[in-house]
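Reader: I should be grateful for a close examination of a single strand in this structure. Please describe the strand itself, its neighbours and its surroundings.

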Amino acid sequence: MTADIDADLIEQGRKLFAGDWQFFWASPSIETLPPMAGMEVAFAGRSNVGKSSLINALTGRNALARTSHTPGRTQELIFFEGPDNAGFRLVDMPGYGYASAPKAKVASWTALIHKFLQGRSNLARVYALIDARHGLKEVDLDVLNTLDKSAVSYQVVLTKADQVKPSELDQRVSATAAALAKHPAAFPEVLVTSARTGAGMPELRAAMVRLLGERSR
C-alpha cells in the first residue's frame, strides 16, 4: 500500500474509534451469544496480557472494558458495539492460562473460547495479544493452533511494548514473525502496541478499518 492509502486508513480509523462505543452484551456460554450481525473482531490473550486496557486505549475510553490487577476477572465474552451504522463489534474474550479462579471454572472459560472461535461466521479476525516482555508461550501456541484448525484469520499484537528495550523489542518481533510463518491462518505482520503510551493504536485501528472495507465489498 502507498503512504497516502495508509494515512487515509489511519484517519478513517481515528474517526471510527472516536465515535460512541458502548457495552452491548455479555455471554457466559455459547447458548447466550447475541445474534450475529455485522462484523466482529475478537481479542484473545493470556489473563494478564492487557486486553481490557488495549480496548480502552483503542476507543479512547478509560473504563469501557473493565481492567483489573487480578488476572482472570473477565469471565464472559464481552461485546462492545461501535457507532450507529458502523456494523462493527469488538469482543473481549476471557483470558486463558493463569487465573485466580478454580480450575473447573478456568476450564469452562477455555471451552467457551474454543467453541466461540469455531462457530462464529461473522468473526472476521482474532487479534492474539502477546506480552512483548515474554513473547509466545506454549499456552499461546495452543490457541494459535485452534485458530489454524478453525480457519479463523488472526493477527498477533504485542502489548506492553513500552516496557521493553528497543533492541529486545526488535528481536521479539522477529522471533514472533518467524514462529507465525508456520501457522497457516496467521496474518504475517506483527503489530506492536502500548496501551499506556498509545503507540501502535493508529495502526491497529487502520487494520480494522481495512478489514471492515474488505468484508463489506
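Author: In this predicted model, the side chains of Phe88, Leu90 and Asp92 point one way from strand E4, whereas those of Arg89 and Val91 point the other way. In a regular strand, side chains alternate between the two faces of the sheet. Residues of both groups in E4 are buried. Because 5 of the 5 residues of E4 (residues 88–92) are buried, that is, under 20% relative accessible area, the strand is largely enclosed by the rest of the structure.

The pairing of E4 is as follows. Strand E2 (residues 39–45) runs parallel to E4, and 5 bridges connect the two; within this pair, Leu90 is the bridge partner of Val41. Strand E3 (residues 77–81) is antiparallel to E4 and is joined to it by 4 bridges, with Arg89 standing opposite Glu81. The hairpin of E3 and E4 has 6 residues between the strands, and Asn85 there adopts a positive phi near 70°.

The wider setting is an open sheet of 7 strands with mixed pairing, in the order E1-E3-E4-E2-E5-E6-E7. Its edges are strand E1 (22–27) and strand E7 (191–192), each of which pairs on one side only. Elsewhere in the sheet, strand E5 (residues 123–131) pairs with strand E6 (residues 154–159) in the parallel sense through 6 bridges, and Ile130 stands opposite Leu158 of E6.

Finally, helix H6 (residues 201–215) lies across E4 as well as E2, E5, E6 and E7, and runs at about 160° to E5.

How values were computed:
Residues numbered from 1 in each chain as written. Predicted model: local features only at pLDDT ≥ 70, side-chain atom pairs only at ≥ 80, totals over all residues. Heavy atoms only, no water. Buried < 20%, exposed > 50% of the residue type's maximum accessible area, 1.4 Å probe, protein only. Pairing = 2+ DSSP bridges. Contact = heavy atoms within 4.5 Å. Axes fitted to C-alpha atoms, helices over the stretch in contact; angles between N-to-C directions.
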